[in-house]
Amino acid sequence: MCRPDNGPMTADLARIGKAIGPPARVAMLNVLFDGAPHPAGDLAVAAGVTSGTASQHLAVLVEAGIVVARPQGRYGRYELANRRIAHALEQLAGPDFAPATSLRLSREQRRVRAARTCYDHLAGQLGVALAERFVDAGWVDPSASAVTAAGREALATYFGLSAEALVHPSSRRPLVRVCRDRTEQRDHLAGILGARIADVALTNEWVVRQPKSRALTMTPAGGEVFRRAGVLLAPRRAT
């Protein structure tokens, strides 16, 4: 009979599982998926707990290596440790990260599904539509692992991104890859390409963040940019 494995990997998985289990921590992680640093007070509000309880939950997440604390001002801010952690948690979450227990949450889930950030790239229906456009137009190869010449031209024409903007000599991060979208169960663009598009969209306010949320709202200017680029904002459903 096989004995249970009580080695380091088992201990690490048990520690991580225990750290992310409580609903309050799930709510905090859901906010932190946007890749930005957040003050503990905002995370407490999102989780529906007191500031003292929030600090206790955050201490556990920091100890587990899931969240890091960044000194800033009097209280500091918290963010996910890195994009690998974000990707792993996103995949573990499955299609529904949290059940809709109220009308407010149901509306929030609809907003998050329409457009959001997945750490540092666009996700939800907007992210999926963007990925489909890049593949259909031949701006990336069929496996979405490389940007084509036509893609570099399109990036400059529609998004104002030069070839130099896609170069990160000190990073081993891939130029482009796909990330499975948890709500749409289709792929959106990640890698350096996905991060650059999200960054330019936020900088130019084509999309704007919702307070204390991962959700993004597309502005009229953004709608025009994506429309000109041929991005179909009602993406195909998986078959």
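Which element gives the most to the lining of the largest cavity? In this predicted model, the answer is helix α5, with three residues. The report below describes the cavities first, then two histidines, and finally the aromatic rings.

**Cavities**

Rolling a probe the size of a water molecule over the atoms shows where empty space is left. The count comes to two cavities of 30 Å³ or more.

| Cavity | Volume | Elements that each supply at least two lining residues |
|---|---|---|
| Largest | about 50 Å³ | α5 (83-93) and β6 (177-180) |
| Second largest | about 40 Å³ | α7 (124-136) and α9 (191-203) |

The largest cavity is lined by R83, A86, H87, C118, Y119, D120, H121, R173, R177 and C179. By residue class, this lining consists of four nonpolar, two polar and four charged residues.

Around the second largest cavity stand L122, G127, L130, L189, G194, I197 and A198. Here helix α9 provides the largest share of the lining, three residues. The classes are five nonpolar and two polar residues, with no charged residue in this lining.

**Two histidines**

H188 belongs to strand β7, which covers residues 187-190. Is H188 buried or exposed? H188 counts as buried because its relative accessibility is 0%, and the cut-off for that class is under 20%. The side chain of H188 is joined to that of H121 by a polar contact of 3.3 Å. H121 is also one of the residues that line the largest cavity. Leaving aside residues up to four places away in sequence, H188 touches C118, H121, L122, A123, G127, V128, A131, R177, V178, C179, R180 and D181. Among these contacts, C118, R177 and C179 appear in the lining of the largest cavity, while L122 and G127 appear in that of the second largest cavity.

H57 is found in helix α4, residues 51-63. With a relative accessible area of 13%, H57 is therefore classed as buried. Which residues does H57 touch, not counting those up to four places away in sequence? They are P22, A24, R25 and M28. With R25, H57 also shares a polar contact of 2.8 Å between the side chains. A19 lies 38 residues from H57 in sequence, and the C-alpha atoms of A19 and H57 are 8.4 Å apart in space.

**Aromatic rings**

A pair of aromatic rings is described by the distance of the centres and the angle of the planes. How many aromatic pairs does a search of the whole structure find? The search finds six. One of them is formed by F134 and W139, an edge-to-face pair with 5.1 Å from centre to centre and 85° between the planes. F134 is buried because its relative accessible area is 0%, and W139 likewise counts as buried, at 7% relative accessibility.

W206 and F226 form another edge-to-face pair, with centres 6.4 Å apart and 80° between the planes. This pair links distant parts of the chain, for its members are 20 residues apart: W206 is in the loop between α9 and β8 (207-209), and F226 is in helix α10, residues 220-228. At a relative accessible area of 10%, W206 is buried, and F226, at 0% relative accessibility, counts as buried too.

The residues of these two pairs belong to one aromatic cluster, made up of F134, W139, Y158, F159, W206 and F226.

Notes: Residues are numbered from 1 along each chain as its sequence is written. This is a predicted model: local features need pLDDT of at least 70, side-chain atom pairs count only at pLDDT 80 or more; totals for chains, interfaces and linings use all residues. Side-chain values use heavy atoms; hydrogens and water are left out. On a 1 Å grid over the protein atoms alone, a cavity is a set of points where a 1.4 Å probe fits but cannot get out, and a pocket is an open set with protein on both sides within 12 Å along at least five of seven lines; lining residues have an atom within 4 Å of a point. Grid points are joined across faces, edges and corners, and a volume is the space filled by probe spheres set on the points. Helices (H or I, at least four residues) and strands (E, at least two) are DSSP runs, numbered from the N terminus. Ala, Val, Leu, Ile, Met, Phe, Trp, Tyr, Cys and Pro count as nonpolar, Asp, Glu, Lys and Arg as charged, and the others, Gly among them, as polar. Buried means under 20% relative accessible area, exposed over 50%, partly exposed in between (1.4 Å probe, protein chains only). A polar contact is a pair of N or O atoms within 3.5 Å; within protein, one must be able to donate a hydrogen and the other to accept it, and residues adjacent in sequence count only if both atoms are side-chain atoms. Contact means heavy atoms within 4.5 Å. Rings of Phe, Tyr and Trp (its six-membered ring) pair if their centres lie within 6.5 Å; planes under 30 degrees apart count as stacked, over 60 as edge-to-face and the rest as tilted.
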